[in-house]
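This report introduces a single protein chain to a reader who has not met it before. Please look over the sequence and the structure before reading on.

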Amino acid sequence: MEKGSFLRLAGDLIGKSYADVADEARHTRSHQFRRLLEQRRLPEEPWDDLAVTLFLEELANADSNNHLGNVGVGEREGRIFSGLVARRNFHFSHGIGRSGDIAALQPKAAGSSLLFALTRRLVLDAIHVCGIQAARAALPVPFATGLSLTLCFSALRTVRPPSARFIIFSRIDQKACLKSIYSAGFQAEVVDMVRAPGGFALQTDLDAIEDAIDRLKADTVLCVLSTTSTFAPREPDRVDAIARLCKARGVAHVINNAYGLQCTKCCHLVDQ
């Protein structure tokens, strides 16, 4: 409702002074929403629950399944039978993406599409805040570590030679990493860590990774998979040195930073 009409109509019922207070509160919220859409960054001051709820409901109202008088009968129409489920999801039911592209706009879900586009910007800003300033884009997906890696490998398939079938894996004893490689249809070439001189820590064997690239040939290697935050006694991989090696050999480099965003050291390694 426009400011003038709200003030006039509400003032007729409760008096101008009370209407002014109510109208100011409405515009304070509207200013929050407008600033978020303009800056596309995490707010400096956290939003309260009411602001989050109002914003999500405003976006949900833009989806066609929530339009007044609309009866959706198409195969992709969003419909929710349970009111409990509708409230739990703030009345979003269309989902995001289109024709296999999760980032594509959904014509019948302007609100959902806007929410996802904004979420991408906010996630990227959060990554920058954590210390990875070199990040240029972010794609939030409802996946855990393994499936996220599989998605990365599948994307690399489109830019690497058809002969690329090996992933050189700096060893970490986590099943999800190996499963992600095999699920994407690639073969793992595992490179063991080496023990640090005079200690118990396990460190990246950079020479062995280089030897694996030369032995397998760069055209048959999809990428090198390294890891930052891990379990002791394994240290974070030397991702900066691996990145330089991969660039020199013309091989892609995927960094598993699943638990590293909260660690400034890991973020610094990735940012380098």
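A pocket is an open set of grid points, on a 1 Å grid over the protein atoms alone, with protein on both sides within 12 Å along at least five of seven lines, and its volume is the space filled by probe spheres set on the points. The model described here is predicted, and its two largest pockets are set side by side below.

| Pocket | Volume | Nonpolar lining | Polar lining | Charged lining |
|---|---|---|---|---|
| Largest | About 1,200 Å³ | 23 residues | six residues | two residues |
| Second largest | About 310 Å³ | five residues | two residues | five residues |

The second largest pocket takes two or more lining residues from each of helix 2 (16-39) and helix 5, and helix 2 gives the most, with four residues. Its lining includes Arg35, Trp47, Asp125 and Val129.

The largest pocket is lined by 31 residues, and Ala137, Cys152, Val254, Ile255 and Asn257 are those that lie nearest its centre. Helix 6 gives the most to this lining, with seven residues, while helix 9 (239-249) and strand 6 (252-256) are among the elements that each supply at least two.

Ser226, which lies in strand 5 (residues 221-227), touches residues that include Val254 and Ile255. The side chain of Ser226 also makes a polar contact with the side chain of His253, at 2.7 Å. Ser226 counts as buried because its relative accessible area is 0%, and the limit for that term is under 20%. Ser226 and Ile172, although 54 residues apart in sequence, are 8.9 Å apart in space, C-alpha to C-alpha.

Methods. Residues are numbered from 1 along each chain as its sequence is written. This is a predicted model: local features need pLDDT of at least 70, side-chain atom pairs count only at pLDDT 80 or more; totals for chains, interfaces and linings use all residues. Side-chain values use heavy atoms; hydrogens and water are left out. Buried means under 20% relative accessible area, exposed over 50%, partly exposed in between (1.4 Å probe, protein chains only). Contact means heavy atoms within 4.5 Å. A polar contact is a pair of N or O atoms within 3.5 Å; within protein, one must be able to donate a hydrogen and the other to accept it, and residues adjacent in sequence count only if both atoms are side-chain atoms. On a 1 Å grid over the protein atoms alone, a cavity is a set of points where a 1.4 Å probe fits but cannot get out, and a pocket is an open set with protein on both sides within 12 Å along at least five of seven lines; lining residues have an atom within 4 Å of a point. Ala, Val, Leu, Ile, Met, Phe, Trp, Tyr, Cys and Pro count as nonpolar, Asp, Glu, Lys and Arg as charged, and the others, Gly among them, as polar. Lists of a residue's contacts leave out its neighbours within four places in sequence.
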